[in-house]
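Please load the model in your viewer with a cartoon representation and keep the selection panel at hand. The stops below are meant to be followed in order, each with something to select and something to look for.

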Amino acid sequence: PRPLPASWSSPIVINTGARDEAILAGNPFVISYDPATGRELWRYECLSGDVAPSPCYAGGLVIVAQEGAGTFAIRPPSSTNTEPELAWKSFDWAPDTVSPISDGKYVWIIGSSGMLVCLDLKTGTKQYEHDLGMPCTASPIIVNRNLYITDTAWSWNTYEERTATTIHKLNLTGEDVVYVASGRVNGRLLNQFSLGEYAGHLRVATTIDLNTGIVGAEGNVGV
């Protein structure tokens, strides 16, 4: 086991052009390992607390973020530099659970309150921010130049538990990012593979939970 506190963040595997690296984020380090041997390649201290967002990799930078610490862009070591370098850092609405995402030009992060922030990938300069008007805990995806952001909306009563998913769509085709629309579907998304776009249509697979107080809930999948 690693001599670090528990981490809720999922690792990613990247290729820097020189080698493959497994990137793990935890408190307080971002650590890179050789996927084949498990040997530590480098580490960078910048995080704190219970780290949940997963790293992302774009433009040669490892992007990590955590509420209370900030968002950090780390350049992995190269053949001419044996230590990682901090390219930039930002303290605008760092996320609690939502992983950062990039299209290679911009980085998007979403705070717990639902504040969407767009940063320039190269410099970390804030481009804009948009209040989604709801708490957000799910990580976004990019499909065919469209950014989809989802979150589960819960509704409770005495007899049953119902869930719905709110979906926000932003278009990334032009120079400016355009907020297109939002909608809601019944049920909850299990993961990012529950969303897909084909022929201009968004396809969503949701799981609907019904709980009447009896142990063991029924589950149905709707598309």
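Two strands are taken to pair if DSSP finds at least two bridges between them, and with that criterion in mind the tour of this predicted model can begin.

**First sheet**

Begin with the open sheet of four strands whose order is 1-2-3-4 and whose pairing is antiparallel. Select residues 12-15 for strand 1 and 40-45 for strand 4, which are the edge strands of this sheet, each pairing on one side only. If you look along the sheet, note that its neighbouring strands are turned by 25° against each other on average, with direction ignored.

Next, add residues 20-25, which make up strand 2 and are joined to strand 1, in the antiparallel sense, by four bridges. Showing N15 and D20 as sticks lets you inspect one position in this pairing, since D20 of strand 2 stands opposite N15. Strand 1 and strand 2 form a hairpin with four residues between the strands, and in this hairpin G17 takes a positive phi near 100°.

Move on to residues 29-33, strand 3, which pairs with strand 2 over four bridges, again antiparallel. Here the residues to display are I23 and S32, because S32 in strand 3 is the bridge partner of I23. Strand 2 and strand 3 also form a hairpin, this one with three residues between them.

**A cis bond in the loop**

Now select N27 and P28, and centre the view on the peptide bond that joins them, which is cis with an omega of about 5°. P28 has its place in the loop between strand 2 and strand 3. As background, most peptide bonds are trans, and most residues other than glycine have a negative phi.

**Loop before strand 9**

Where should you look for W93? Select residues 85-90, strand 8, and follow the chain towards strand 9, for W93 lies in the loop between these two strands. The phi of W93 is near 50°, a positive value in a residue other than glycine. With a relative accessibility of 39%, W93 counts as partly exposed, a class that lies between the cut-offs of under 20% for buried and over 50% for exposed.

**Second sheet**

The last stop is another open sheet of four strands, with the order 9-10-11-12 and antiparallel pairing. Strand 9 (101-102) and strand 12 (126-131) stand at its edges, each with a single partner strand, so one side of each is left without a neighbour in the sheet. To finish, select residues 115-120, strand 11, which runs antiparallel to strand 12 and is joined to it by five bridges. Within this pair, display V117 together with E129 of strand 12, which stands opposite V117.

Methods
Residues are numbered from 1 along each chain as its sequence is written. This is a predicted model: local features need pLDDT of at least 70, side-chain atom pairs count only at pLDDT 80 or more; totals for chains, interfaces and linings use all residues. Side-chain values use heavy atoms; hydrogens and water are left out. Axes are lines fitted to C-alpha atoms, for helices over the stretch in contact, and angles run from 0 to 180 degrees between N-to-C directions. Buried means under 20% relative accessible area, exposed over 50%, partly exposed in between (1.4 Å probe, protein chains only).
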